[in-house]
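Hi,

Here is the structure I said I would pass on. Have a look at it first, and my notes follow underneath.

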Amino acid sequence: MVNPVSSAPTQVQPQAAVQPSQTRQPAPAATPKAAVNDTVQLSNTAKIVQETTETQAQTAKEARSGDLQAKALLAREAAARAGTK
């Protein structure tokens, strides 16, 4: 659809005086965001696979650092060795 163009003079309204409080203030500098720390959680299956494939040395190291699961595993292995002798 075509709109007719009029050649009527347009009226320009004078702008109101800008008050000092209306002047545009520069935006404050953005503060840097803290680094994002992602955590990884393994599924139960992945945990089981990881535990079954670790070496005796890894298990002993974890037990010394307080890992209850590693301590229990070492206790079961020690009991199994004592039962076979």
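How many helices and strands does the secondary structure of the protein chain come to? Three helices and zero strands, so to speak an α-α-α run when you read from the N terminus on. Please keep in mind that this is a predicted model.

First, the chain as a whole. There are 85 residues in the protein chain, and buried ones make up 6% of them. The accessible surface comes to about 8500 Å², and carbon and sulfur atoms account for 57% of that surface.

Most of my notes are about helix α2, which covers residues 56-64. Which residues of α2 are buried? Thr 59, Ala 60 and Ala 63. They sit on the same side of α2, because the arc they cover around the axis is only 100°. Turn to the other side of the helix and you find Ala 57, Lys 61 and Arg 64, which are exposed. Just for orientation, α2 is followed by Gly 66, and the phi of that glycine is positive, near 105°.

So what covers the buried residues of α2? The cover includes α3, residues 68-84. As for how the two helices are arranged, the general idea is that a packed pair is described by the angle between the axes and the distance between them. Here the axes of α2 and α3 come within 8 Å and cross at roughly 125°. That angle makes α2 oblique to α3, and the crossing in which α2 passes α3 is left-handed.

If you want to pick out the contact on screen, here is who meets whom:

- from α2: Gln 56, Thr 59, Ala 60, Glu 62 and Ala 63
- from α3: Ala 70, Lys 71, Leu 73, Leu 74, Glu 77 and Arg 81

Two of the α2 residues are worth a click.

Thr 59 lies in α2. Is Thr 59 buried or exposed? Its relative accessible area is 3%, and buried means under 20%, so Thr 59 counts as buried. Leaving aside residues up to four places away in sequence, Thr 59 touches Glu 54, Ala 70, Leu 73 and Leu 74.

Ala 63 lies in α2 too. With a relative accessibility of 10%, Ala 63 also counts as buried. Its contacts, again not counting residues up to four places away in sequence, are Ala 70, Lys 71 and Leu 74. How far apart are Ala 63 and Leu 73 in space? They are 8.9 Å apart, C-alpha to C-alpha, and 10 residues apart in sequence.

That's my set of notes. Shout if anything is unclear.

Cheers

Definitions and conventions
Residues are numbered from 1 along each chain as its sequence is written. This is a predicted model: local features need pLDDT of at least 70, side-chain atom pairs count only at pLDDT 80 or more; totals for chains, interfaces and linings use all residues. Side-chain values use heavy atoms; hydrogens and water are left out. Helices (H or I, at least four residues) and strands (E, at least two) are DSSP runs, numbered from the N terminus. Buried means under 20% relative accessible area, exposed over 50%, partly exposed in between (1.4 Å probe, protein chains only). Contact means heavy atoms within 4.5 Å. Accessible areas come from the Shrake-Rupley method with a 1.4 Å probe; for residues, only the protein chains shown count as cover. The arc is that of the directions from the helix axis to the C-beta atoms. Axes are lines fitted to C-alpha atoms, for helices over the stretch in contact, and angles run from 0 to 180 degrees between N-to-C directions. Angles under 35 degrees count as roughly parallel, over 145 as roughly antiparallel, 65 to 115 as roughly perpendicular and the rest as oblique. A crossing is left-handed if the near helix is turned anticlockwise from the far one by less than a right angle, and right-handed if clockwise.
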